[in-house]
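Here is a short round of questions and answers on one structure. Look it over, then read on.

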Amino acid sequence: MIEGREWPIAVRSVEVSVPVAPITDVTGYPRTRVFVRQTGTLVGSVDIWNGGGPISATRLRQAIAGGLAWPLMRRALEGQLGERHEANPNAGARTSGEAAMRPMSVSVVIATCNRPDDLRRCLSSLRALRPSIPLELVVVDNRPAGGATPAVVREFGDVRFIEEPRPGLSYARNAGFMAASGDIAIAIDDDVTVPQGWLERLVAPFSRREVMCVTGNVLPVALDTEAQCRFEAYGGLGKGFEPIEAGPDWFRAWRTAVPTWRLGATANAAFRRSIFFDPRIGLLDEALGAGMPTGCSEDTYLFYRILKAGYTIVYDPAAWVWHRHRVEQRSLRHQIFSYSKGHVAYQLTTLAREGDRRALVRLLYSLPRVYAARTWERLRGRSEYPLPLIATEVLGTLAGPLALWRARRRVRRLGPSLRTQPHAVSVESPVTETSGS
Amino acid sequence: MKLISAELSRPLPAIPPCSIGEQWVLVRLHGEPLGFVTPPAAGASPSRLSALILDRLSFPIVRHLVGDGMAATGTLTDLARIPRECPHEPRPALRVTVAVCTRNRATHLRTCLDAIQAVEYPRELLECLVVDNAPEDDTTRNVVSRYPGVRYACEPRPGLDRARNRAIVESTGAIIAFTDDDARVDPLWVRAVAAAFEEEPHAMCVTGLVVPGELDTPAQLLFERYGGFSRGVNRFVFLADRQEPVGNRYAGAGRFGTGANMAFRRAFFDAHGLFDPALDVGTPTNGGGDLEMFFRVLKEGHALVYEPSAIVGHLHRREYRELRSQIENNGIGFYSYIVRSARAYPRERAALARFGAAWWWRWNARRLLRSLAGRESIPRDLIFAECVGSFKGLWRYGTSRRRLAGEGES
């Protein structure tokens, strides 16, 4: 394979149900990442080393066919087999019964901290949607002292605006969830933009009553700087192009800790708002998440409780958003440190709060084994993963318990999120009637 | 035995038994080569051949069909029924000159011109030109006169690159496609070359797949094993990154293709000069003119496309002795090209020197060591010949230059 500089990478998306057009505006980029859509849903991505030149339609077609022949073929076959299935009159009865549901209203909750440009882009993309369902926008200012957010919100008119001065992403999102009035509350980050059709795809699985949460893919909108490319190469925020459905069986099937971190993130996640008033589930844990010493994992813990309560989480990669990775990132090592720390804090939380002993297996067996295996592979020259990064992960793991203790202490000082209970949700939702059983 | 070509959108042929050498089947779909299969020497029926093909080449078939189907999603049954025509058939629009440079090889030339006559391309857009290089008699002229529509030009001074330059001067096409007199072009060759130029407007050079024309003698099989000319069935677009020396990644110009199957836009020669007359067959360097031009295309910031659908069958040397001298000449030609490019582009010198040394170690020295350890199937004298040739190549370009200067040409 001919390779060039690792970055910058141009990011483009291509729809393959119509004849593909050449990509001509990638001058200066040694490489182009093409996200491939087929009738609106996402199939996968291919990288083309274009060396700063344009990409002809033939080359684009060949690269896509070469990289994604199987998924494209599978989808084509699924479409046909599905059509045949739909044609069967007996099959129709079940689906129509399932689909009978009350129209939903949706609130999008955006927590922001003094990033007016990101927020403006985000709100513009939401305003550009042509939603088929009622849509409410809620912006939570997590750093009111910054002062830049209210002006942006005013530009967009009909947006609910609230302030949560207590620092912490979980505090901010919780405040937004409580202020929202929709049946479904969608959490997105302020640095994402949404494509057409996103909303409909993200809420579609809620037609099934046991689904309490739907997450979607998070794709990079630009990979122009080294920081952005490194972040994406380390895993980014996306969780792949294959749908995942996690229910109570999935939750129980794991002998080591449940990998809820594979199910998505609150950068793009929709929740049935009734779960926040369910005593077994509740709101995001304030001690976890960005803005706290733990750094992350508030979403994975919420997913954990949803699954434990017997509900289902659907990861639908077709409901993707575009995320603008930070142009200037604090070093990758810092980020990896933070992830490892948050991960341990999450494991300890499930152990302490939920009594899930699988966390111990993860902490005392799986994680050390992963680190040892990675080191061994590296020393034998079979992997590219640098040793300093492995050391960073180990250090982050060791720092986890202390971080969790400090975060808990801070939350005790700041107090819990307010839990107001608007009548519209708790009484009328068809979900709460059946969900307990 | 000739190389057999099997086109999947047509009924498969039966493979006859083969008495000498080996037989390979080049499998193609809508003209695109998918790969080779080697049926047993006893031959194969069409159904046996199709089983072999599906065994080896399912994925390339699926990949091609998915590429075709991207515009119109086919149904399951349609996928199994391969359409006779490719939906992406390009319309020929460019005027192409096919240039054959030859020297005293009338028998080879006849086969070569027969193949060119069979090319499927609008006649009004096709020109065929034979350049006779320093002929000793009139045989070539007489052969050419028997082919209507083929032009004859004579380049009296010896040197393949001089003959190529004569072809460029004499030609009228926007594209000049070169092939050798010992090559047999595929009927779709010109169409594939022209399509690649149309699809990649920034490409200045298109090379293609060179398959063995026959595999009858041990020497011919050995040449394929030694490395051959085949560069795979995947299309590549090479374009150098402007921010680093081109030689860092693209000095190994042999992988882009070979002079038996290369085409350029005339505009490139207008802007960046003709072939270097001090290089290639007929001069002390014995080769490297094609490689130097590939490197020049990339160095000047243009794209080079390797288009496997543009297929040329090449008649490898039949005798072992000829093979050995060709392999020595490969070594000489390659290092002559390295020296020439280092002289022409001072900023590439370090990169080219690094590559030249690394290549000598990787390709020559390591093979030689393996051979000494008895773990190499290629005859040692071939490897040794290329090792020696590589050293000769380091000063042959200088010799060639001085000789040109002596003849009063720079």
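Q: In which sense do strand β2 and β3 of chain B pair?
A: This is a predicted model, in which local features need pLDDT of at least 70, side-chain atom pairs count only at pLDDT 80 or more, and totals for chains, interfaces and linings use all residues. Residues are numbered from 1 along each chain as its sequence is written, while chains are lettered from A and ligands numbered from 1 in the order in which they are written. Strands are DSSP runs of E, at least two residues, and helices are runs of H or I, at least four, numbered from the N terminus; two strands pair if DSSP finds at least two bridges between them. Strand β2 (residues 25–29) of chain B and β3(B) share 5 bridges, and the sense is antiparallel.

Q: Which residue of β3(B) stands opposite B:L26?
A: Strands of a sheet pair through backbone hydrogen bonds, either parallel or antiparallel. Opposite B:L26, in β3(B), stands B:F36.

Q: Why is one side of β1 and of β3 of chain B left without a neighbour in the sheet?
A: The sheet is open, with 3 strands in the order β1-β2-β3 (chain B) and mixed pairing. β1 (4–7) and β3 (32–37) of chain B each have one side free because they stand at the edges, each with a single partner strand.

Q: At about what angle does α1(B) run to β3(B)?
A: Axes are lines fitted to C-alpha atoms, for helices over the stretch in contact, and angles run from 0 to 180 degrees between N-to-C directions. α1(B) lies across β1, β2 and β3 of chain B. Its angle to β3(B) is about 145 degrees.

Q: Which element gives the largest share of the side of chain B that touches chain A?
A: Contact means C-beta atoms, placed from the backbone, within 7 Å. By that rule, 23 residues of chain B are in contact with 27 residues of chain A. α1 (46–69) and β10 (236–238) of chain B each give two or more residues. The largest share, 4 residues, is from α1(B).

Q: Which strand gives the largest share of the largest nonpolar core?
A: A nonpolar core is a set of buried Ala, Val, Leu, Ile, Met, Phe, Trp, Tyr and Cys residues joined through C-beta atoms within 7 Å; buried means 20 or more other C-beta atoms within 10 Å of a residue's own, placed from the backbone. The largest core has 112 residues, and A:V109, A:I186, A:I306 and A:I313 touch the most other members. Its largest share is 8 residues, from strand β12 (residues 312–323) of chain A.

Terms used. Contact = placed C-beta atoms within 7 Å. Buried ≥ 20, exposed ≤ 12 C-beta atoms within 10 Å, placed from the backbone.
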